[in-house]
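Here are a few notes on the model you asked me to look over. Have it open while you read.

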Amino acid sequence: NVTILKMAQTTEVKGDGQRVTGLVYKDRTSEALHEVELEGIFVQIGLLPNSDWLKGTVELSHFGEIIVDAKGQTNIPGVFAAGDVTTVPYKQIVIAVGEGAKASLSAFDHLIRTSVPA
Ligand SMILES: Cc1cc2nc3c(=O)[nH]c(=O)nc-3n(C[C@H](O)[C@H](O)[C@H](O)COP(=O)(O)OP(=O)(O)OC[C@H]3O[C@@H](n4cnc5c(N)ncnc54)[C@H](O)[C@@H]3O)c2cc1C
């Protein structure tokens, strides 16, 4: 008893001030707007990382994710990244936490091999 809507872009969640009552979506093929009456929604994680402010600094993928290697290293030596904002697949808490630990160990490793500037 499930209807799967493909090519649908949510544009508005409607409510009566107390609870959710409906959702408006755009059919991406026809651009037509449709409204569905409903009593609840589940929000799936977004696909656009909040990384605009990094443009022109570290290298980003075409999705806006920070490109990191297996150690969490970006294209700039000494700059590391971890979590959902990176190219590491599967956006899950346990993965983000592990990647954070890995990136911090990589930063430590980088620092102990880097001489102090004169
Ligand atoms: C609706 C939803 C449900 C989810 N359910 C699950 C689940 O059941 N199980 C699971 O494992 N994962 C789930 N996830 C995914 C999980 O939340 C993420 O994988 C995890 O939070 C990623 O951690 P993160 O630290 O990389 O990023 P985030 O938790 O997104 O943390 C990034 C932080 O950086 C801050 N920030 C952004 N830009 C800037 C800036 N310019 N300056 C300073 N701070 C900034 C943000 O405010 C945020 O606090 C869910 C995600 C969503 C959206």
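The points below cover the ligand site, the cavity and one glutamine.

1. First, a reminder that this is a predicted model. Around the ligand sit Val-43, Ile-45, Asn-50, Trp-53, Gly-83, Asp-84, Lys-91, Gln-92, Ile-93 and Ala-96.

2. Which side chains put a polar atom by a nitrogen atom of the ligand? For Asn-50, an N or O atom of the side chain is 3.3 Å from a ligand nitrogen. Trp-53 has a polar side-chain atom 3.4 Å from a nitrogen atom of the ligand.

3. Gln-92 works through its backbone here: one of its backbone N or O atoms lies 3.3 Å from an oxygen atom of the ligand.

4. On internal space, the count gives one cavity of 30 Å³ or more, and the largest cavity holds about 30 Å³. Its lining is made up of Gly-83, Asp-84, Val-88, Tyr-90, Gln-92, Ile-95, Ala-96 and Glu-99. Sorted by class, that is four nonpolar, two polar and two charged residues. Gly-83, Asp-84, Gln-92 and Ala-96 are on this list and also among the residues surrounding the ligand.

5. Now have a look at Gln-73, in the loop that runs between strand S3 (33–37) and helix H1 (93–112). Is Gln-73 buried or exposed? Its relative accessibility is 18%, and the cut-off for buried is under 20%, so Gln-73 counts as buried.

6. What does Gln-73 touch, leaving aside residues up to four places away in sequence? The contacts are Ile-67, Val-68, Gly-78, Val-79 and Phe-80. With Val-79 there is also a polar contact: the Gln-73 side chain reaches the backbone oxygen of Val-79 at 3.5 Å.

Definitions and conventions
Residues numbered from 1 in each chain as written. Predicted model: local features only at pLDDT ≥ 70, side-chain atom pairs only at ≥ 80, totals over all residues. Heavy atoms only, no water. 1 Å grid on protein atoms, 1.4 Å probe; cavity = no way out; pocket = protein on both sides within 12 Å on 5 of 7 lines; lining within 4 Å. Points joined across faces, edges and corners; volume = space filled by probe spheres on them. Nonpolar A, V, L, I, M, F, W, Y, C, P; charged D, E, K, R; others polar. Helix = DSSP H or I, 4+ residues; strand = E, 2+ residues; numbered from the N terminus. Buried < 20%, exposed > 50% of the residue type's maximum accessible area, 1.4 Å probe, protein only. Polar contact = N/O pair within 3.5 Å; in protein donor to acceptor, adjacent residues only side chain to side chain. Contact = heavy atoms within 4.5 Å. Near = heavy atom within 4 Å.
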